[in-house]
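Open the model in your viewer and keep the sequence panel beside it. The stops below say what to select and what is there.

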Amino acid sequence: MEILEFFIENYYAATFLLIGTIVFATIMSLNVKATFSKYEKIRSKNGVPAHIIARQILDSNGLYNIAVVPFRGKLTDHYDPRKQIVALSESVYNSTSVSAIGVAAHECGHAVQHAKEYTPIKIRTAIVPVVQIANYTWMFMIIIGMFMYLPGMINIGIAFFTISAVFQLVTLPVEFDASKRAMATIEQQNILDKTEQKGARKTLSAAAMTYVAAFLVSLAQLIRLLALANRRR
């Protein structure tokens, strides 16, 4: 608590904290790209493309209604519960690499989470509409509050940003659990051998750290906003 109070009472210290977390997030982003590229060059011995592996994992969990589709870009893989699709990026969909299979299994893990009503993902899904509103409005409220000298408006803006930070926090167990499910499935179904599993695990671990970094940036930004509000009192 004393450390938190220090940053809230010292705006410039809070600013440097935010800069530090942004640098960390940038490093983690570069790391996941480098790790993916490294294991993208290692083809799995089974020679089966990632999209077929994804279909296999979904079917083994009785999720025949979930489609596996290609998606533009690199590392743009995601699961969309509304459309009921596992979308695999161009660098993953047809690839037989260790990293691609790890990513595909991870996204299938999200589909399984929804099917089994995993509590953190239910919470994250439930607050998405509120988070979207908060993301579009918090900055405007703070700017308007600052120019019009309305502390109440600034506080509302900070409260809205807090919702976004909570969303980042809830995302952590969702992502870590999806990776855990992915690796368990890969092992149980003998999709990759022991050596290949290490590459898939490192790829997913690197990706998980980007979510940790995103939360730390949000937390540092929240502290900086609180320091800003405290400074203007």
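Helices here are DSSP runs of H or I with at least four residues, strands are runs of E with at least two, and both are numbered from the N terminus. Read that way, the protein chain goes α-α-α-β-β-β-α-α-α-α from its N terminus, with 7 helices and 3 strands. The model is a predicted one.

**The whole chain**

Show the C-alpha trace first. Along the principal axes, the C-alpha atoms fill a box of roughly 65 × 35 × 30 Å. The protein chain has 233 residues, and 45% of them count as buried.

**Helix α2**

Select residues 11-40, which make up helix α2. How far apart are its end C-alpha atoms? They are 43 Å apart; at 1.5 Å a residue the 30 residues should span 44 Å, so the two values agree. Now colour the buried residues of α2, among them Y11, L18, M28, V32, F36, Y39 and E40.

**Two aromatic pairs**

The whole structure has 2 aromatic pairs. Start with Y11 and Y12: the ring centres are 5.6 Å apart and the planes lie at 70°, so this pair is edge-to-face. Planes over 60 degrees apart count as edge-to-face. Y11 counts as buried, at 16% relative accessibility, whereas Y12 is exposed, with a relative accessible area of 56%.

Next select W138 and F161. Their ring centres are 4.7 Å apart with planes at 65°, so this pair is edge-to-face too. W138 belongs to helix α5 and F161 to helix α6 (residues 151-188); the pair links distant parts of the chain, 23 residues apart. Are these two residues buried or exposed? Both W138 and F161 are buried.

**A nonpolar patch**

Stay with the neighbouring stretch of sequence and turn on the surface. M139, F140, I143, I144, F147, M148 and L150 form a nonpolar patch there, with about 740 Å² of accessible area together. One of these residues, I144, is in helix α5 (residues 119-147). I144 is partly exposed, with a relative accessible area of 39%.

**Salt bridges**

The structure holds 7 salt bridges. Side chains of opposite charge can pair when their charged atoms come close. Three of them are worth selecting in turn.

Begin with K74 and E40, whose closest N and O atoms are 3.7 Å apart. K74 is in the loop between β1 and β2 while E40 is in helix α2, so the salt bridge ties together parts that are 34 residues apart in sequence. K74 is partly exposed, at 46% relative accessibility. E40 is buried, at 19%, since the cut-off for buried is under 20%.

Move to R82 and D80, whose side chains meet in a salt bridge at 3.5 Å, N to O. R82 is exposed, with a relative accessible area of 73%, but D80 counts as buried, at 9%.

The third is D177 with R181, where the closest N and O atoms are 2.5 Å apart. Both residues sit in helix α6, and being 4 residues apart they are separated by about one helical turn. D177 counts as buried at 15% relative accessibility, and R181 as partly exposed at 22%.

**Around R181 and D177**

Keep R181 selected and add Y118. R181 lies over the face of Y118, at 5.4 Å from the ring centre.

Then keep D177 and add H106, a residue of helix α4 (residues 98-115). How many residues apart in sequence are H106 and D177? They are 71 residues apart, yet their C-alpha atoms are 9.0 Å apart in space. H106 is buried, with a relative accessible area of 9%.

**Two loops with positive phi**

Most residues other than glycine have a negative phi. Two residues in the strand region have a positive value instead.

Select L75, in the loop between β1 (67-71) and β2 (78-80). Phi of L75 is near 60°, and L75 is partly exposed, with a relative accessible area of 33%.

Finish at Q84, in the loop between β2 and β3 (85-89). Q84 has a positive phi of about 55° and counts as partly exposed, at 35% relative accessibility.

Technical notes: Residues numbered from 1 in each chain as written. Predicted model: local features only at pLDDT ≥ 70, side-chain atom pairs only at ≥ 80, totals over all residues. Heavy atoms only, no water. Expected span 1.5 Å × (residues − 1). Buried < 20%, exposed > 50% of the residue type's maximum accessible area, 1.4 Å probe, protein only. Patch = residues over 30% accessible without salt bridge, like charges linked within 9 Å, V, L, I, M, F, W, Y side chains within 5 Å. Areas by Shrake-Rupley, 256 points an atom, 1.4 Å probe, with all protein chains shown as cover. Salt bridge = Lys/Arg side-chain N within 4 Å of Asp/Glu carboxyl O. Phe/Tyr/Trp six-rings, centres within 6.5 Å; stacked < 30°, edge-to-face > 60°. Lys NZ or Arg CZ within 6 Å of the ring centre and 35° of its normal.
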